[in-house]
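Reader: I work at the bench and would like a close look at the ligand surroundings. Please take me through what sits around each one.

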Amino acid sequence: MKCACGGKAVYTRRYSGQIFCKKCFNNYFERKVHDTIRSQKMINRLDRVGIGISGGKDSTVLLSVLSKIAGKLEITLHPILIDEGITGYRLSGINAAEKTCKSLRLNLKMASIKDLAGSTLDELQELGDSKPCTYCGVLRRKLLNKEANEQKLDKLATGHNLDDEAQAIMMNYVAGDINRLHRLKGTATDSDLIKRIKPLNRIPEKEIMLYALLNKLEVASDECPYAGENHRTKIRDFINTLESDQPGVKHKIISGWEKIIETSTPEKKPMHKCKICNHPSSRKICRSCELTEEIKIKRKDATKEVAD
Ligand code: SF4
Ligand SMILES: [Zn+2]
Ligand SMILES: [Zn+2]
């Protein structure tokens with residue numbers, strides 16, 4: 001089998017039957033990211049774009065492709081890595097992210113959950129926390145917002161791909177959560193200080209993996225020790241089964257969702273300023289400050305127990 005240009009085939013897309021050589025695949029991929037940015041009006045000329053990078057395949061591919069088209073878009077890139085403090089997992093991501101940023105001559109800014117909450121995610125587990133992903137998600141979001149604010153960034157890009165989007169849509173269908181379905185559009189929520197964008201949101205995970213592989217990108221592949229079987233992994237497996245029976249179903253989930261949000265309106269919640277950090281929030285105390293306070297109490301209780 002050969003690509004339409006006559007080159008050696010490296011990939012056949014099941015749902016469309018298209019065959020690609022390496023060069024044509026790279027061209028398609030980079031054009032697709034550019035088109036997604038343009039059609040979803042993600043970026044303006046001269047924007048300072050932050051990129052949440054973990055060293056994993058999605059954010060590394062995102063950074064690498066954006067650095068190729070940054071000149072055309074007339075934007076600057078500002079990678080940010082959040083260190084959750086997870087032994088045996090985060091270090092390989094930091095190493096990979098540092099190498100990528102060095103090769104692209106970009107300055108990598110790091111921030112840690114320990115600096116924000118006084119404990120690493122591992123230390124939280126020792127304090128008896130059984131919800132590492134909740135703490136991780138909320139505190140990471142807060143840190144990214146804080147960094148973006150301090151660096152006066154205009155947009156914050158993340159590496160969410162089409163599979164992530166299809167899973168999130170399904171999870172919110174199941175919960176009947178119209179507000180969250182709207183939030184997936186990636187526009188700034190009232191509690192975010194900056195507009196979030198997802199330039200890979202129309203590219204399947206499989207193609208992102210292939211791009212990283214073909215271009216020999218430095219990618220960390222360790223899995224977080226706290227990632228286990230949960231609601232999302234069950235939804236992921238369900239969608240993958242549908243996709244293998246009926247190629248293209250992930251794209252259909254996205255187009256169905258686009259029609260639904262066009263014809264529904266999200267609920268408008270009254271906004272406050274968090275009493276502790278002063279950031280916009282729909283609560284009197286934002287979720288991140290609430291968790292940080294919870295952590296302080298747990299630490300105090302643990303110290304008391306040791307003293308007793
Ligand atoms: S799986 Fe690990 S990295 Fe992902 S949210 Fe949970 S704790 Fe954080
Ligand atoms: Zn070709
Ligand atoms: Zn707060």
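Author: First, the classes: Ala, Val, Leu, Ile, Met, Phe, Trp, Tyr, Cys and Pro count as nonpolar, Asp, Glu, Lys and Arg as charged, and the others, Gly among them, as polar. By that sorting, the shell around ligand 1 has six nonpolar residues, no polar ones and one charged. Bear in mind that this is a predicted model, where local features need pLDDT of at least 70, side-chain atom pairs need 80 or more, totals for chains, interfaces and linings use all residues, and side-chain values use heavy atoms, leaving out hydrogens and water. Residues are numbered from 1 along each chain as written, while chains are lettered from A and ligands numbered from 1 in the order written.

So who's in that shell? Around ligand 1 you'll find L121, C133, C136, R140, C224, Y226 and A227 (each with a heavy atom within 4 Å of it). Helix α6, residues 132-150, gives the largest share, three residues (helices are DSSP runs of H or I, at least four residues, and strands runs of E, at least two, numbered from the N terminus).

Now ligand 2, a zinc ion. C3, C5, C21 and C24 each offer an SG atom 2.3 Å from the zinc ion (donors are N, O and S atoms within 2.8 Å of the metal, or 3.2 Å for Na, K and Ca). Angles among the four donor atoms run from 104 to 116°, making the site tetrahedral (all angles between 85 and 135 degrees). Along the chain, the donors are spaced C-x1-C-x15-C-x2-C. Because C3 lies in the segment before β1 (11-12) and C21 in the loop between β2 (19-20) and α1 (22-39), the pair ties together parts 18 residues apart in sequence.

Ligand 3 is a zinc ion too. Its donors are the SG atoms of C274, C277, C286 and C289, lying 2.3 to 2.4 Å away. This arrangement is tetrahedral because the four donor atoms subtend angles of 104 to 114°. The donor spacing here reads C-x2-C-x8-C-x2-C. C274 sits in the loop between β8 (272-273) and β9 (280-281) and C289 in helix α12 (residues 287-307), so this pair ties together parts 15 residues apart in sequence.

Methods:
Tetrahedral: all angles 85-135°; square planar, octahedral: opposite > 155°, others 65-115°.
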